[in-house]
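Here is a walk through the model, one region at a time. Keep the sequence and the 3D view open while you read.

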Amino acid sequence: MSTTRLQEVLVCFGKKKQSDIANAQVAADMWRFSKINAALANPKLATENDAEEYGKGHEFPTATFKTAWDVSATLEKYLSAEIGAWAVCFGLGKVVKSGAGPFVYTCTPLIPSAGDAAELPYLSYVEQIRPGAGVVLDRQAIGLAVEGFQITVGSGPGRANSKISVELVGSGKVIDSATGITVPAATTEKLLPSASLTLSINGIDYVTNKNIVSLETGWKNNIRMDAGFFPGSGFQTAGDGSTGAIRGRLEFGNRAGNLKFVARFMNGSDEYTKLKAQTSGTAVITLAYDANNSLQLTWQKITYSVVEIAETDQVLTVAVECLPMYDSSNGILTAVGKTTVDAICQ
Amino acid sequence: MTEFVYMRAPWGGAEVRRVEAKPDVLTPLMISGWAQCEPPANDEEVTTNVHD
């Protein structure tokens, strides 16, 4: 009896966006990546039973009912231009594509008060193990949205010092066998290593100063999962009320960005001064593979909310948490992903 | 070479602008509800304003 190693799992998901939350994507609209976390996107079925009902003669359940489906996934990867562009496009929601190769994806969060949608772009997510005659796993989750992404950059030469984690949540709609998807060839990625970082925060160039130790930044959509089940939201099998409800929408909730960093604390370090004065400024984070492959995040207005003097490897450092704020002219966050890959989130 | 994109006014407005595809140009428009659109038909008025 052979065992199945998790390294066999093939993962592909929407490079383009679905036409709506319920329409499954075809292989031509997806791309395939490797990942570094083992977790699978397991569909979960919530059930209820009749134990509490009267008229049965006892308090024990005699029947169960499929209530609703849930599915979520987490992608952890070494940061590349391709996955970085994809994460900011699907995670922020408003995208302007320019260029004819390389392609530049300029992304901002959706602003409903300015007429934008309250729903993010949707995508499908496929997992397969030994597809074909000896299939172990073949399923497609439909109608997923990016709940958030987190980028971490650390000190050191390895790939692990520049990573991204992307959290996906879904409508619950799943094809759990025989998806008919032929997973495309693996995407060739252009890694964005820690050593390529350029960083300017609140008027200080931390790379030129050789002060930066690590940083972490990301975005959270806080999607209103319960609000996805509205009257008429639909069922796992359309028209079959016994198959369990699925969500008909995934609206973002109160969104928030985050940025924190650790830098060497030296004579003249002004983080604590800026904390006391609540000095605001931009934070511009750029990682690049080459001129055609990069990711830049611009927090349009940040102040320092926490500044702690600490140590890293017995070197005096300062750990700073920033509060990203909304600037009346430029919003909160602009992300620019540059890659040679066309049609991301289109 | 300067790249340009077309942006349509918020709330389904009729105005279409041809603007430079630079973050400092696009960002104020994007957060104000302007969205990328296809190049307009020849009979549609387009405002070119690279400094907006």
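## Ground rules

Two strands count as paired if DSSP finds at least two bridges between them. Helices (H or I, at least four residues) and strands (E, at least two) are DSSP runs, numbered from the N terminus. This is a predicted model, where local features need pLDDT of at least 70 and side-chain atom pairs count only at pLDDT 80 or more, while totals for chains, interfaces and linings use all residues. Residues are numbered from 1 along each chain as its sequence is written, and chains are lettered from A and ligands numbered from 1 in the order in which they are written.

How does the model score? Its ipTM is 0.93 and its pTM is 0.95.

## Strand β9 of chain A and its partners

Start with β9(A), residues 137-153. Twelve bridges tie β9(A) to strand β10(A), residues 162-175, and the two run antiparallel. If you want a spot to click on, A:Val146 has A:Leu168 in β10(A) as its bridge partner.

β9(A) also pairs with β8(A), residues 123-129, again antiparallel, through six bridges. There, A:Gln128 sits opposite A:Asp138 of β9(A). Then there is β13(A), residues 212-220, which pairs with β9(A) in the antiparallel sense over six bridges; A:Val153 faces A:Leu215 in that strand.

Is β9(A) buried or exposed? A residue is called buried if 20 or more other C-beta atoms lie within 10 Å of its own, exposed if 12 or fewer, and partly exposed in between, with C-beta atoms placed from the backbone. In β9(A), 14 of the 17 residues are buried, so the strand is largely enclosed by the rest of the structure.

## The nonpolar core

In soluble globular proteins, nonpolar side chains tend to be buried together. A nonpolar core here is a set of buried Ala, Val, Leu, Ile, Met, Phe, Trp, Tyr and Cys residues joined through C-beta atoms within 7 Å. The largest one has 93 residues, and those with the most contacts inside it are A:Ala87, A:Cys89, A:Tyr125, A:Leu144 and A:Ala145. Helix α1(A), residues 81-92, gives the most to this core, with nine residues.

What does A:Ala87 touch, leaving aside its neighbours within four places in sequence? It is in contact with A:Val146, A:Phe149, A:Ile164 and A:Val166, where contact means that the two C-beta atoms, placed from the backbone, lie within 7 Å.

## Chain B and where it meets chain A

Chain B has one helix and four strands, in the order β-β-α-β-β from the N terminus. Of its 52 residues, 29% are buried. Among its contacts between residues at least 6 apart in sequence, 56% join residues at least 24 apart.

The contact between the chains takes 14 residues from chain B and 18 from chain A. On the chain B side, helix α1(B), residues 23-30, gives the most, with five residues. That side has nine nonpolar, four polar and one charged residues (Ala, Val, Leu, Ile, Met, Phe, Trp, Tyr, Cys and Pro count as nonpolar, Asp, Glu, Lys and Arg as charged, and the others, Gly among them, as polar).

α1(B) is mostly covered, with six of its eight residues buried: B:Pro23, B:Val25, B:Leu26, B:Thr27, B:Leu29 and B:Met30. What covers them includes β6, β7, β16 and β18 of chain A, plus β1 and β2 of chain B.

As for pLDDT (the predictor's confidence in each residue, from 0 to 100), chain B averages 88, and 85% of its residues reach 70 or more. Among its elements, α1(B) has the highest mean, 98, and β4(B), residues 46-48, the lowest, 71.

## Backbone oddities in chain A

The peptide bond from A:Gly101 to A:Pro102 is cis, with omega near 5°. A:Pro102 lies in the loop between β6 and β7 of chain A.

Two residues other than glycine have positive phi: A:Ala343, at about 75°, and A:Cys345, near 60°. A:Ala343 is in the segment after β18 of chain A, and so is A:Cys345. A:Ala343 is exposed, with 12 other C-beta atoms within 10 Å, whereas A:Cys345 is buried, with 24.
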